[in-house]
Amino acid sequence: MQSFDELLVQAVARHGHLCAGQVIGVRMAMLGLHLLGIENPKAPDVYKTFLVYVEIDRCATDAIASVTGAQLGKRSLKFMDYGINAATFVSLKTGDAYRIISTESSREHVKEYARDETEKSRQQLIGYQNMPDELLFTVQRVSVKIPETDLPGSPRSQAVCIKCGQVVRDGREIETEYGVICAPCSDRSYFKVLDSISLEKRKRV
Ligand SMILES: [Zn+2]
Ligand SMILES: [Zn+2]
């Protein structure tokens, strides 16, 4: 495994700024990989052997993705929108899974571990770097039920929406009494179509 300092530099480059979330995220990912016994997560024979579930879309998530190499586009990074600063690291080889939660109480310990710092954001950066794992995190051994259709690799299934003809992959179609429909045609859609836009006259760049 690369050093914390090296991993932090890479995470900051990717995220765009140095923040407490990068420190916490790098440490969380390093601990998660360590618990799974993974030394080199981006190695060709390793990156397909584990999944990472993140539970919030904030700073630390980018650091976790940076350290682990887990990516949405590889189906190795899963976003569960819980609003909790936590992540679960799952081995696809053994089924072992560890959920690591950033403790609320760690905030109170920041000053103890950054005695030379007076400015608050510096205190956080240094404090979170120096604090022992047991103050920064709570760890649970968990079991994660991973549907076949959530796994990396080629799509497991394809269905066609009976309302609009859209092809839906990986079992994300919705069964109705009339047949299967896509999410946008259901009441689960996150958007409402206002208009279709013609792209014919648009110049290619
Ligand atoms: Zn940030
Ligand atoms: Zn549809």
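This dialogue works through two zinc sites, a helix and a strand in a predicted model.

Me: Which protein atoms are the donors of the zinc ion (ligand 1), and at what distances do they lie?

Reply: A metal site is read by listing the donor atoms before turning to the geometry. In this predicted model, the zinc ion (ligand 1) is coordinated by NE2 of H15, NE2 of H17, SG of C19 and SG of C59, at 2.1 to 2.3 Å. Along the sequence these donor residues follow the spacing H-x1-H-x1-C-x39-C, and the pair H15 and C59 links distant parts of the chain, with H15 in helix α1 (residues 4-15) and C59 in helix α3 (residues 59-68), 44 residues apart.

Me: Why is the arrangement around the zinc ion (ligand 1) called tetrahedral?

Reply: Four donors count as tetrahedral if all angles lie between 85 and 135 degrees. The four donor atoms around the zinc ion (ligand 1) subtend angles of 92 to 133°, and the arrangement is therefore tetrahedral.

Me: How are the donor residues of the zinc ion (ligand 2) spaced in sequence?

Reply: Their spacing is C-x2-C-x17-C-x2-C, and the donors themselves are the SG atoms of C161, C164, C182 and C185, lying 2.3 to 2.4 Å from the ion. The site of the zinc ion (ligand 2) is tetrahedral, with angles of 103 to 117° among its four donor atoms.

Me: Is C161 buried or exposed?

Reply: Buried means under 20% relative accessible area, so C161, at 4% relative accessibility, counts as buried, whereas C164, with a relative accessible area of 46%, is partly exposed. At the zinc ion (ligand 1), H15 is buried at 18%, while C59 counts as partly exposed at 27%.

Me: How many of the ten residues of α3 are buried?

Reply: Burial can also be read along a whole element. Eight of the ten residues of α3 are buried, so this helix is largely enclosed by the rest of the structure; among the buried residues are A60, I64 and V67, and what covers them includes α1, α2 (20-36), β1 (50-54), β2 (77-79) and β3 (86-91). Just after α3, G69 takes a positive phi of about 75°.

Me: Which residues point one way from β3, and which the other way?

Reply: A strand is read by its two faces and by its partners. From β3, A86, T88 and V90 point one way and A87, F89 and S91 the other way, and all are buried. β3 pairs in the antiparallel sense with β1 over five bridges, where V52 stands opposite F89, and also with strand β4 (residues 97-102), again antiparallel over five bridges, where R99 is the bridge partner of T88. β3 and β4 form a hairpin with five residues between them, and G95 in the turn has a positive phi of about 85°.

Conventions. Residues numbered from 1 in each chain as written. Chains lettered and ligands numbered in written order. Predicted model: local features only at pLDDT ≥ 70, side-chain atom pairs only at ≥ 80, totals over all residues. Heavy atoms only, no water. Donors = N, O, S within 2.8 Å, 3.2 Å for Na, K, Ca; no water. Tetrahedral: all angles 85-135°; square planar, octahedral: opposite > 155°, others 65-115°. Buried < 20%, exposed > 50% of the residue type's maximum accessible area, 1.4 Å probe, protein only. Helix = DSSP H or I, 4+ residues; strand = E, 2+ residues; numbered from the N terminus. Contact = heavy atoms within 4.5 Å. Pairing = 2+ DSSP bridges.
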